[in-house]
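User: I would like to go through the labels used for this model one by one, and to hear for each of them what justifies the wording.

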Amino acid sequence: MQFSQGGEPVFEKILSIKIQVEMDDNHGEFMDLKSGYYPYTKGEFSGVAEGVLLPQGGARNLYSDSYLEGKRLIEDEIIMVLLTDSGEKIYCEALGLILRDTDTDSNDFMHTSWRFRTASPNLAWLNTTVGIAKTRFFNEGSEYRAEHNIYRIVP
């Protein structure tokens, strides 16, 4: 593993995935918690490969029933399939957390950990990679809802 002069790990950006989801405000109930499922309607990605997000999969959220200083914690589970411009598929799974301001209904942050599966010989190293992401949310009316910027620790 490579470390900077200060002993901190070095991160390398591997993917940026822009996504759009079908919004649904009709939350279900699970163990007295609100839950929602948001299927993907479109997306694109760039980085170690480029291509589109297939309209398969989506994000499942589980909303906390308690608030901390006006903030709500949301657990997020993501499943998606990426199709590269060269016709190869990358299966992605992610788990993470969203912190949402309950007054403004805006997201303070979304952090996720990512795993990948692919049969691509050129991208086989993704099969042993755990990515971490910081997500950027776009304003309402934008072409995309969010962008996952995924990094790996440089080995």
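User: What makes R60 count as partly exposed?

Analyst: In this predicted model, R60 has a relative accessible area of 35%. Buried would require under 20% and exposed over 50%, with partly exposed in between, so R60 is called partly exposed.

User: Why are R60 and E77 said to form a salt bridge?

Analyst: The closest N and O atoms of E77 and R60 are 2.5 Å apart. The cut-off is a side-chain nitrogen of Lys or Arg within 4 Å of a carboxyl oxygen of Asp or Glu, and therefore the pair of E77 and R60 qualifies as a salt bridge. The two residues come from distant parts of the chain, with E77 in strand β6 (residues 71-84) and R60 in strand β5 (residues 58-68), 17 residues apart. E77, with a relative accessible area of 28%, is partly exposed.

User: How many salt bridges are there in the whole structure, and what is the general idea behind them?

Analyst: Searching the whole structure gives four salt bridges. In general, side chains of opposite charge can pair when their charged atoms come close.

User: What makes the contact of K42 with E143 another salt bridge, and which parts of the chain does it link?

Analyst: The side chains of K42 and E143 meet at 3.2 Å, N to O, and since the limit is within 4 Å, this distance satisfies the criterion. The pair links distant parts of the chain, K42 being in strand β3 (residues 33-47) and E143 in the loop between β9 (130-137) and β10, 101 residues apart. K42, at 33% relative accessibility, is partly exposed, and E143, at 48%, counts as partly exposed too, because the label exposed is kept for values over 50%.

User: How do you know that the charged end of K42 sits over a ring?

Analyst: The charged end of K42 is 5.1 Å from the centre of the ring of Y144, and the definition asks for NZ of Lys within 6 Å of the ring centre and within 35 degrees of the ring normal. The distance agrees with that limit, and K42 is accordingly listed as sitting over the ring of Y144.

User: Why is the contact of R136 with E147 called a salt bridge, and is E147 buried or exposed?

Analyst: The side chains of R136 and E147 meet at 2.7 Å, N to O, which is within 4 Å. R136 lies in strand β9 and E147 in strand β10, so the pair ties together parts that are 11 residues apart in sequence. E147 has a relative accessible area of 10%, and because this is under 20%, E147 is buried. R136, by contrast, counts as partly exposed at 44% relative accessibility.

User: What makes R152 buried, and which side chain does it contact?

Analyst: R152, which lies in strand β10, has a relative accessible area of 18%, and since the cut-off for buried is under 20%, R152 receives that label. Its side chain makes a polar contact with the side chain of E12 at 2.6 Å, where the limit for a pair of N or O atoms is within 3.5 Å.

User: Why is the pair of W114 and F116 described as stacked?

Analyst: The structure holds one aromatic pair. The ring centres of W114 and F116 are 6.4 Å apart and their planes are at 15°; centres must lie within 6.5 Å, and planes under 30 degrees apart count as stacked, so both conditions are met. Both W114 and F116 are buried. F116 is also 5.6 Å from Y91, C-alpha to C-alpha, although these two are 25 residues apart in sequence. Y91 belongs to strand β7 (residues 89-101) and is partly exposed at 29% relative accessibility.

User: Which residues make the nonpolar surface patch, and what makes I153 eligible for it?

Analyst: F11, I132 and I153 make a nonpolar surface patch of about 250 Å². Patch residues need over 30% relative accessible area, and I153, which is found in strand β10 (residues 146-153), is partly exposed with 37%, so I153 passes this threshold.

How values were computed: Residues numbered from 1 in each chain as written. Predicted model: local features only at pLDDT ≥ 70, side-chain atom pairs only at ≥ 80, totals over all residues. Heavy atoms only, no water. Patch = residues over 30% accessible without salt bridge, like charges linked within 9 Å, V, L, I, M, F, W, Y side chains within 5 Å. Areas by Shrake-Rupley, 256 points an atom, 1.4 Å probe, with all protein chains shown as cover. Helix = DSSP H or I, 4+ residues; strand = E, 2+ residues; numbered from the N terminus. Buried < 20%, exposed > 50% of the residue type's maximum accessible area, 1.4 Å probe, protein only. Phe/Tyr/Trp six-rings, centres within 6.5 Å; stacked < 30°, edge-to-face > 60°. Polar contact = N/O pair within 3.5 Å; in protein donor to acceptor, adjacent residues only side chain to side chain.
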